[in-house]
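This report describes the chain shown below, beginning with single residues and ending with its cores.

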Amino acid sequence: MQATLRRRRMISLSFAAVAVVLAAAPLPGLRRPLLVAIGSELAPAMEALEPAFERQHSDIDLEWQVQGSQEMVNRWLDGGPERARVLIPASRDHLTALAEAAQARGEASPFAEVPRTVARTLLVAVVWPQRAQRLFPAGRFSWSRLRQAVAAGQWKALGAPPAWGSFDLRATDPLRSNSGQLTLALWCEGEARPGCVESLRRALYRPARSTDILLKEFISGGPNEGDLAMVYEASALARQPEAARVRPGGYQVLVPDPTIETVLAAAVLRGAGQGRQADGARFVAYLGGAEGQDLLASRGFRRANGRGGSALGERAEAPAATDAGPTR
């Protein structure tokens, strides 16, 4: 009789333990979805951020989509429940533009809270070592020297082996990508605007629609498909090991002077969208916290306070939070 009671007691305790586990763990299909729209430069980091965030917030199913910065702004303005709850465009300037567009339509601020700076990055050049030695003998990037190479058109005109062929500059499409717009702004600094825009258009070899796509093509094609590419520092650092595996020696990262720092900010949006505002706020807080900042830094981004990045572009002190602009 006592043995039977002990067995029943053990069975009851087992059922209770299982009930506790089931109550603590969210059942499949019952996790709340949260959609985040990002620029392509953030995609490698999101592959690490997604599982790390979900380990801390097991009740949230984090989903993310790569969208063009202007595309995500337009989607939000168009309305609809399919919109992302959190936007992280390539530059916080796009969030400013979204707020201004909403104000122009007589609407309240689209943001549930003030957008939070989560990372920074610079526009840099990646170049194959032999090309870098010929193009920049002093080891420092020069916009005038780059314009000279573009004007020459052929490497032999620069004293390089004729077998190197044409000089091929790679950048993203300024009409579709923020890094392309930054390249255009620096290319035209101090130049006659109409003429310099046309000269860059002629110079670009197969402009890509995003920075990440551009770097993939630059690495896979090697020197025959591009000599120098203008990309984000974060993307360049994140893909540098891949370049070294595919091409012995990999590419060099050079920081132009001047260059432009772009600030990435995350915004939680009001109104209809995929995910709760409170869950969006939890994700943004995670990005700004210690673990989120460490993961972003490990993928090549500078921290929100400006620390980190490549050794060539590293600044001794963290800058004040300012709008993106030339960095000298």
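## Buried residues and their surroundings

Val284 is found in helix H11 (residues 277-288); helices (H or I, at least four residues) and strands (E, at least two) are DSSP runs, numbered from the N terminus. The model is a predicted one, in which local features need pLDDT of at least 70 and side-chain atom pairs count only at pLDDT 80 or more, while totals for chains, interfaces and linings use all residues. Residues are numbered from 1 along each chain as its sequence is written, and side-chain values use heavy atoms, with hydrogens and water left out.

Val284 is buried, with a relative accessible area of 2%. Buried means under 20% relative accessible area, exposed over 50% and partly exposed in between (1.4 Å probe, protein chains only). Leaving aside neighbours within four places in sequence, Val284 is in contact (heavy atoms within 4.5 Å) with Val86, Glu113, Arg116, Ala266 and Val268. Val118 is 166 residues from Val284 in sequence, yet their C-alpha atoms are 8.0 Å apart in space.

Two further buried residues are set beside Val284 in the table.

| Residue | Place | Relative accessible area |
|---|---|---|
| Val284 | helix H11 (residues 277-288) | 2% |
| Glu233 | helix H10 (residues 233-246) | 0% |
| Trp128 | loop between E4 and H5 | 4% |

Not counting residues up to four places away in sequence, Glu233 touches Thr121, Leu122, Val124, Gly300, Arg302, Gly309 and Ser310. On the same basis, the residues that Trp128 touches include Phe218, Ile219, Pro223, Arg247 and Tyr251. Asp227 is also touched by Trp128; the C-alpha atoms of these two residues, 99 residues apart along the chain, are separated by 6.4 Å.

## Helix H2

Helix H2 (residues 43-56) has 14 residues, which should span 20 Å at 1.5 Å a residue, and the distance of 20 Å between its end C-alpha atoms agrees. The expected span is 1.5 Å times one less than the number of residues. H2 bends by about 30° at Leu49, with a proline, Pro51, following within four residues; the bend is the angle between axes fitted to the seven residues ending at a position and the seven starting there. Among the buried residues of H2 are Met46, Leu49, Phe53 and Glu54. Their cover includes strand E1 (32-38), strand E2 (60-66), H11 and helix H12 (290-298).

## The disulfide and the cores

The structure holds one disulfide, a pair of cysteine sulfur atoms within 2.5 Å. Cys188 and Cys196 form it, with their sulfur atoms 1.9 Å apart. The link is right-handed, with 110° about the S-S bond, and both cysteines are buried. Cys196 is also in contact with Trp187, whose other contacts include Trp143, Leu146, Val150, Leu169 and Leu200.

A nonpolar core is a set of buried Ala, Val, Leu, Ile, Met, Phe, Trp, Tyr and Cys residues joined through side-chain atoms within 4.5 Å. Of the 33 residues in the largest such core, Phe141, Leu146, Leu169, Trp187, Leu228 and Met230 touch the most other members. The elements that each supply at least two residues of this core include strand E4 (116-127), helix H7 (178-187) and strand E6 (228-232). A second, separate core of 28 residues includes Met46, Val86, Ala234 and Leu287.

## The chain as a whole

The chain has twelve helices and nine strands, and 45% of its 328 residues count as buried. Of the contacts with a separation of 6 or more, 75% are between residues 24 or more positions apart.
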